[in-house]
Amino acid sequence: MPSDASARPRASDWLAPALALVAVAVALRLLALAFDRTDLFVDEVQYWFWGQNLDFGYYSKPPLIGWLIRLVTDLAGSDAAFWVRMPGAVLHGITALLLGALAARLADGRAALWTVAIYLTLPFTALGSVMISTDTVMAPAFAAALLFLFRLTESRRTSDALLTGLFAGLAVMAKYAGVYFLIGAGLAMLACPAMRIGWRQAALMLLAFAVVVAPNVVWNLSHDLTTVSHTMDNAGWVRTGARFHPGSLAEFFFSQFAVFGPVTFAALLWGYARPRLGTRRALALLSVPALMVVSVQALLDRAYANWAIATYFAGTVLAVLVLPRAGRIAALCVNLIPTLALPVLITLAPWPRTDSGPLLERYLGRHALSGSILALARAEGLPVVSDNRDILADLFYIGRDDTVRFYAAPEEGRASSYYAQMRPMPERLTGEVLMISTSDTGCPGARLEGLTLTGVWAGRDVVAQRVAATCLRGR
């Protein structure tokens, strides 16, 4: 890696065209969002709902995404889906520039510009730019931590150590997968002498990190380690025992070609196989922990494709350094296919269709069902109770300005969702309620018609029923 400041490219060599690329990509994605016809997904409305109740932690995730959505919607004066999702495109644009700055520091201006271009077209970047997620909020903080870490290896400045820890902490406050940064940094320091920053700087970095994450740690300790329990539920094998699932591992591994792009993921694997010394080895060690840990999780139980996103910040820079010019062009061209297709799909929804329904079916029909539940509740004069997380999430969003009250159905033991934790049916509630469920409630009561079942709910048995609150409480 360059250690002589005179050998580094000037910012003007790559920054101006990189800014132009980011501006165009972000503008086009925001334009697509303005005409987006999909509903907010269950996780997106959950994050919005978190922001209505500002706290240092939530049921399943750290708090930064809820804070961010609250900030944006308050500034915009609107809770419309556009403003809930808008930060995604901007945050990925910032991440692209930070990774470009890292590539410029480690290689040259040409690598920086290619890093920006390829990151902007990665499939997970395209999706995260039109549908908000914790991965998207983590991205710029993780990228900034990487940039300041490499600066720290040369400068040994207190400010760089503190900034590295600060952004690493913010990454964890966005998603707990941000902790992979610390694991990767530790491995890089052990294996690469150039990455060793000294005990004092390491202590300062960890101190800054600890200060940033401390509020969430305290919140977890005061809330029965809620997010820890949820993480153990996701891991599955922690509670039920480990069994090998090679099919699950294969499914997860090959899904990464879709998440990161087939050419870029192949280049990343080559970078792992032939890491050389110095820069590439450090990037490989900063990248690989998330992929390895989630692969083990997939082998022992199951893993979603996006659980290893922390792999691909250092991984993007490594892939660019590994790829020759023709490979970079190929990666860009291949990645442009989903990048250009996705904005078109969200503006055309519910078209195109497949034999089984709309291609984006899981993002359709949620708001329509909530609207019909609200209309039915108003007509019957009843509060709404549901035991379905997806239905509750959308109800709290669509009914945010409505007079109808919503509650999660009573549960035994640990709450199964944020809604069951924070908005359970009150003990004082008596009389009848409008129960919305996808399974048998076990309570007698008149079944009501009038629910709109389209999109993700088409063909599913969603029941609206007048039942006694006391019956639900005694199940």
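This is a short chat about the overall dimensions, a cavity and a surface patch of a predicted model.

Q: What kind of model is this, and how are residues numbered?
A: It is a predicted model: local features need pLDDT of at least 70, side-chain atom pairs count only at pLDDT 80 or more, and totals for chains, interfaces and linings use all residues. Residues are numbered from 1 along each chain as its sequence is written, and side-chain values use heavy atoms, with hydrogens and water left out.

Q: How many helices and strands does the protein have?
A: The protein has 22 helices and seven strands, as DSSP runs numbered from the N terminus (helices H or I, at least four residues; strands E, at least two).

Q: What box do the C-alpha atoms fill?
A: Roughly 75 × 45 × 45 Å, along the principal axes.

Q: Now cavities. How many are there of 30 Å³ or more?
A: The count is one. A cavity is a set of points on a 1 Å grid over the protein atoms alone where a 1.4 Å probe fits but cannot get out; lining residues have an atom within 4 Å of a point.

Q: How much space lies in the largest cavity?
A: About 30 Å³, a volume being the space filled by probe spheres set on the points, which are joined across faces, edges and corners.

Q: Which residues line the largest cavity?
A: Arg366, Leu369, Ser370, Ile373, Asp390, Ile391, Asp394 and Trp457. Helix 19 (366–380) and helix 20 (389–398) each supply at least two residues of that lining, and the largest share, four residues, comes from helix 19.

Q: Where is Val24?
A: Val24 is in helix 1 (residues 15–34).

Definitions and conventions:
On a 1 Å grid over the protein atoms alone, a cavity is a set of points where a 1.4 Å probe fits but cannot get out, and a pocket is an open set with protein on both sides within 12 Å along at least five of seven lines; lining residues have an atom within 4 Å of a point.
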